[in-house]
Amino acid sequence: MKYYIAKRAINIFLTIFAVSIIIFLLIRLAPGDPAITMAGEHASPEVLARMRAEWGLTKPLIVQYFIWLKHALRGDFGQSILTHQSVLVELVQRFPNTLELSIFAMIFATIIGVFAGIVSAVKRYSFFDYTSMIIALFGVSMPIFWLAIMLIMIFSIKLDLLPTGGRLSVMYSIKPLTHLYLLDSLLELNFPAFLNALKHLILPSIALGTIPMAFIARITRSSMLDVMNQDYIRTARSKGLNEKAVIMKHALRNALIPILTASGTEFAMLMGGAILTETIFSWPGLGTYIVQAVSARDYPAVQGSVIFIALVIALINLIVDIFYSYIDPRIHYK
Amino acid sequence: MKDSVLRETFRYTRRNRSAMFGLFLICFFIFIAVAAPLIAPHNPLVQNLKNNLQPGFWADKKTNFLGTDNFGRDILSRIIYGARISLTVGFIAVIIGVLLGMTAGVVAGFLGGWVDNVIMRIVDIMFSLPSILLAIVMVAILGRGLDKAMIAIGITYAPQIARIVRSQTIVVGNNEFIEAARAIGTPSLRIMVVHVLPNVLSILIVYGTLSIGSAILDAAALGFLGLGAQPPTPEWGAMLADGIHSITGGYWWVETFPGIAILLTVLGFNLLGDGLRDATDPRLRKKV
Amino acid sequence: MKKTLVFALLLALSVGFFAGCKPVAKQPVTLVFAKGDAVELDPADVTDGESITVMNNIFEGLVRYKAGSTEVEPCLATTWDTSSDGLVWTFHLRQGVKFQDGTPFNADAVVFSFERQRDPNHPFHQYGKWEYWGWCFSEIAKTEKIDDSTVKITLSQPFAPFLSTMAMFTMDIVSPTNCNQWKDQWMTHPVGTGPFGFVEWVKGDHVTLEKNPNYWGTQPKIDKLIFRVIDDPSSRYLALQKGEVQGMEFPNPDDLPKITQDSNLTLLSEPGLNVGYLAMNMGSDTPGFQKPFADVRVRQAISYAINKKDIVNQLYKGTATLAVNPIPPTLWGYNDAVQDYEYNPTKAKELLKAAGYPNGFKTNLWAMPVSRPYMFDPKAIATAIQADLKQVGIEAEIVTYDWSTYLQKTEAGEHAMCLLGWTADYADPDDFLYVLLDPDAAKVGSAGNVAFYRNSKVHDLNKEAQMTTDFNKRVELYKQVQQIVHDDAPWVPLAYAKQTLVFAKNVKGFVLYPTGDYHFDSVYFETSK
């Protein structure tokens, strides 16, 4: 196991290294003076000169990359042109916001998806089965930003039930310990703030969680169907176990692996959906940061965010893999 | 031999009602796109500010069936013309992806060694990031615009195809008839292409169909973020971005209908793609 | 699975349990106002309205505008004298005023505040860009201390709007002790003499100010003033509806009908000192120059081709009035005699034909990426203009950049046509006609005159008006400038936007200033009956 983790860690390191080379090259190859690219269009000649010296911009590309790498390894991804703040500091500040949203969306997606998948598999070809599979199909076919807009139109504007965006209303304040507002407000025993933060989470989580929910529901259904055709389920049934026990104890446990794999990949890929969801709900996370950076052509911020996100995704995948080995005794990593 | 597999695939697909419904949706939107000038009631670009944000059939307004947008343009006509853009983007992006992916896959599988390593490492990296993020970053470097968005999306679809084609190339490469062909002096790369293509064709069709759907979604997302189609192009995602200010004022139709158009088109490709996949997978085929 | 169900059940229960709870407000009287975020908080180093709004409540200058007018009245200076040639101004300072950090306000503070901007050798000069100083205050040769309570300002040439410009935020007095303590970090730690003191700024979230207990003037009636960052105007309105904020600026025009019908809200709206316009690049020395725009007939054709009335009525939706001249009618010197180009595509086509472009031409139209006070939705306006121009055969591609790049590139003349606007900083036609249309302001790279319109007659009239102190004479000169600008048509003036604010019904006492400044010291909550 330790050997496996070490191997994966090296692999992640290599991937991130390669991501950094590619993004570095792409940005360097973008037209224009790299000093201006990094310092912004209206940097003074002195700043540009300092930039060239500090990042070795007159040297060959390969040397430039290693200078950049040296900075990056010290946690210096440069300064955002837009906000004049350290890119890494901003990314680290925003990460918990995206994490809270993603976790919540994933909880929503898993609970509903697994439930719908099991029921659909058990009551195959029933009305419920058809309806939930049609919903799942719509879920993967619709633009999530459109779903988000529809949710706002219905639940915030028409029915006035939930807020249109943001993380917390101004009248509440939470001391940011973990920056996960639900957790922080609970630690403070500030229940009104907890509730308010929860309300802010509902619509964005539905919007972000719909695609994973649809996938999880479909995979749960098909892997449950696979498992339920297996001999040992037949054996269990013939032993006279009641149907519920057969499904929960035997079938679900064995169907869990593909479901978990799907959840893990979907969780890692939530970052893509987060870009659009956060933009619409003005959620101050990594997604809004990267959209801002791209539209302002804030290259240091773009570069930093891509590497950061790649790292996060790789780590999530690693954690999911390690998690499997505990659940499924058949898997032994070497 | 491959012909018969394809024919069989289509025969099974034809029995699948949801796949046929998907095909119907696709044909419907292709028809709309082709016939746009004939069936669109208005010019999609002509504005009439005095008539802006007017409701449609639900308010008994017959002239603008789905209402008008912020500029008084007819939403129905814009959706009809938008079908041209979305379908074109979807097809071309996937064609770009297939061409890139096939080239990379054949080259990697055929040459092997460090070339294979490098190509597959790049594929891994692209897999490690969400495709929309990759597309956004590429647009940031290439610049805004529909053409660039199309290229960016196409590139993000290449890795999946590269993987499929590479593994097939390796399988074919180990075949004896390749050795035989080489022996009689046929250029081996040509043989590879000729023999690999039929083998991967059915997978490519399935994957391509599903990819067109997600390419349309990605293009709409880029249009929505202002990175894809530029005004006054009636692209569905850009239409949603234009109308976002109108929702608090209660002009729901501006945001609702372009989204439904996207949903139905993508649904069509997903239904057909699922059907084709089930048909090509013999294990699933028995269950239908 | 069972556990998750239990958890979900608990969650649902707790939602139901707390749903009735509302936060208990036993806090100081607090007003939360929704707006965009500030950029920095040094009054001499900013140019954007979002920052200025915050600083108007922290800082004060030697003089200020009377509430709701453009008339200058004493503030930190009680009286002032002018030499007969208009070159030397002596200000007598208010006694016993202290900055919020306890530093006494005196002549040293005034000299520090002004000289740091003017003198490149001043130790504090390195910490700012001081853009406005170059634009509006280049006539100031020197600021000197006579004694602790007297300051002398020497001008290099007479400048009629001088006293008006002294009421601008750029000339606010800052605490030297505080500046020297924070150095380059000072723009996030502002200290002035105003009615509110700075507490905290969480970027992208809020800025909090607190009543200054030692304020020399009338004490503010609210204890705490929070500027909450909500960028999207519709979200601001929803936050106001829900009571999360008590005031907001620039509502979405689409929401106006709903706002006026809402009996819980008050809409304050008044013509402002601003103009939104389309500039056509005439500068043949700029990278974006296109030949057609050198021809006055083409520019006039474009003026005829744009249906301004529909744009103002349907896109500004009552938040603006139709613009004819570069200066708004609320400002003195406005020329009523100028006849606007009416909407007439036929005439536009004839003019284009006469100019040698019977089939139009291809060009670009730049649109700001952000909502500005003078233009709520620039992209929408650009799209509307694009469609109007297409009617007469001109194909315009819409181009946009992020806001600061946009300014930079338009100042360098990289556009053919661009949308832009202006809000006056001081109530004088000079702040429009000289700053935006004079050849002096058409330097490639730092142009305020983004049409790169260079008419020596306009320059002579502007200069004469700057040096004349006779008011009627100045009115006459500015009227002439407006007529010439109209005939040359470097711009299509589009709209004079009204400044629009919305408050909860119980918020009273807010006064609109024509300059668009927000002062919250007079605001109070009416206690409900």
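Where in chain B is the place of B:L99? Hold that thought, everyone, while I set the scene.

This is a predicted model, in which local features need pLDDT of at least 70 and side-chain atom pairs count only at pLDDT 80 or more, while totals for chains, interfaces and linings use all residues. Residues are numbered from 1 along each chain as its sequence is written, chains are lettered from A and ligands numbered from 1 in the order in which they are written, and side-chain values use heavy atoms, with hydrogens and water left out.

Now, the overall picture. Chain B has 12 helices and 0 strands; helices are DSSP runs of H or I with at least four residues, strands are runs of E with at least two, and both are numbered from the N terminus. The C-alpha atoms fit a box of roughly 75 × 45 × 30 Å along the principal axes. Of the 288 residues in chain B, 56% are buried, meaning under 20% relative accessible area, with exposed being over 50% and partly exposed in between (1.4 Å probe, protein chains only).

Back to our opening residue: B:L99 sits in helix α4 of chain B. With a relative accessible area of 52%, B:L99 is exposed.

B:L99 also has company. Together with B:I30, B:V34, B:F91, B:I92 and B:I95, B:L99 forms a nonpolar patch on the surface. For such a patch, nonpolar side chains (Val, Leu, Ile, Met, Phe, Trp, Tyr) are joined within 5 Å, and the residues have over 30% relative accessible area and no salt bridge, that is, no side-chain nitrogen of Lys or Arg within 4 Å of a carboxyl oxygen of Asp or Glu. Helix α4(B) gives the largest share, 4 residues, and α2 (17-34) and α4 (75-111) each supply at least two.

Note on methods
Patches are made of residues with over 30% relative accessible area and no salt bridge: like charges are joined within 9 Å, nonpolar side chains (Val, Leu, Ile, Met, Phe, Trp, Tyr) within 5 Å. Accessible areas come from the Shrake-Rupley method with a 1.4 Å probe; for residues, only the protein chains shown count as cover.
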